[in-house]
Amino acid sequence: MALGPTENQVQVAYHDGLRLLLQQETSRIWQYCEQFNVDAEQGLSFDEIAPFEDPLPFVPGSDYQPITVSELQFTRRWLQTASWKFTKHWPYFSDTVRLTDPTSSVMRQIAMTYNRRKDSVAVAAMFAAVKRGKTLPGDDTDVTFPAGQVIAVDVVNSGTPAATGLNRAKLNAVFALFVQKEAIMDDGPGNGLHMAITAKQLKDMLNDDKVTDRDSLLGQFERTGRLNYLNIDFHNYQGLPVDGNSYRRCPVWMPMGMRVGVTRELTTDLSQRKDWEGLPWQAHAHAQFGAARAEEKMIAEVKCSEA
């Protein structure tokens with residue numbers, strides 16, 4: 001049975017209100033990655049960034065010859081995609097009025113799960129193998145996360161036991177790594193460093209008085225409300241993965257090193273479940289996201305023990 005005028009009004013208010021709310025709410029990780037417009041570019045893939053190298057030698061007689069695709073040395077990186085969905089049921093249609101209020105607890109809950117899902121997709125793609133191919137993912141060799149971009153768990157300050165948590169020595173080492181790879185460009189939008197940490201890494205870092213003196217981390221936090229050390233902004237994210245040794249894998253990245261995008265726009269639905277006893281009302285929302293590393297030297301991993 002089709003929805004009546006009142007039900008249609010709630011459906012429209014639900015969809016429009018949720019879209020408005022999601023535009024206002026911010027994620028913790030996703031927003032600091034490079035936003036990839038799936039529709040305006042190449043669908044779920046983008047051309048791989050070519051390394052800096054000398055130009056190809058000039059071949060006499062070739063300046064006006066047509067170039068075929070097979071002659072071009074390039075490949076594409078494909079976004080790693082995942083779905084998000086939210087479903088809630090009510091016994092009476094009058095209960096769905098909460099969907100028309102963007103400030104209601106239900107709508108806030110939907111927005112939070114949406115943003116957390118985006119963050120999880122971005123973090124997973126930071127360390128995952130990147131699928132490559134000119135026409136399909138897997139046509140070319142995958143790019144795995146390089147061991148040279150990992151700051152080991154035993155990088156410690158002088159006199160500190162090995163296999164420790166987040167410390168000043170690891171932060172200094174990862175900053176130097178970006179400098180060594182010439183990944184840090186001139187000052188400007190998108191050129192800062194970002195690091196995701198859990199509460200345990202934050203606690204370890206705050207125990208280092210060299211990091212938290214008034215001229216450093218805590219002093220900056222009092223002035224700006226942001227935690228920053230060596231041009232690294234720290235972001236709270238409790239869902240970071242661990243390796244086979246149960247060491248926490250903390251990513252450090254430049255925004256241009258990670259590409260993220262909404263691969264299937266938000267869709268919503270409000271309907272009555274005729275196949276369920278009691279005929280409850282169901283609110284549903286769905287979207288899909290994608291992410292992939294754009295360049296390995298712009299992403300690093302810091303291993304931290306939580307023992």
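In this predicted model, Val 121 has its place in helix 2. The residue is buried, its relative accessible area being just 4%. So what does Val 121 touch, once its neighbours within four places in sequence are left aside? The contacts turn out to be Trp 30, Gln 80, Ala 82, Phe 289, Gly 290 and Ala 291. Take Gln 80 from that list: along the sequence, Val 121 and Gln 80 are 41 residues apart, yet in space their C-alpha atoms are 7.9 Å apart.

Two of the residues touching Val 121, namely Trp 30 and Phe 289, lead on to the aromatic side chains. Here the count comes to six aromatic pairs. One of them joins Tyr 114 and Phe 289, with ring centres 5.1 Å apart and planes at 85° to each other, an edge-to-face arrangement. Tyr 114 belongs to helix 2 (residues 105–127) and Phe 289 to strand 13 (residues 281–293), so this pair ties together parts that lie 175 residues apart in sequence. Are these two residues, Tyr 114 and Phe 289, buried or exposed? Both are buried. The pair also has company: ring pairs link Tyr 114 and Phe 289 with Trp 30 and Trp 84 into a cluster.

Rings also meet charges in this model. Over the ring of Phe 127 sits the charged end of Arg 249, 4.3 Å from the ring centre. Phe 46 has a charge over its ring as well, this one from Arg 259, whose charged end is 4.4 Å from the centre.

Terms used
Residues numbered from 1 in each chain as written. Predicted model: local features only at pLDDT ≥ 70, side-chain atom pairs only at ≥ 80, totals over all residues. Heavy atoms only, no water. Phe/Tyr/Trp six-rings, centres within 6.5 Å; stacked < 30°, edge-to-face > 60°. Helix = DSSP H or I, 4+ residues; strand = E, 2+ residues; numbered from the N terminus. Buried < 20%, exposed > 50% of the residue type's maximum accessible area, 1.4 Å probe, protein only. Lys NZ or Arg CZ within 6 Å of the ring centre and 35° of its normal. Contact = heavy atoms within 4.5 Å.
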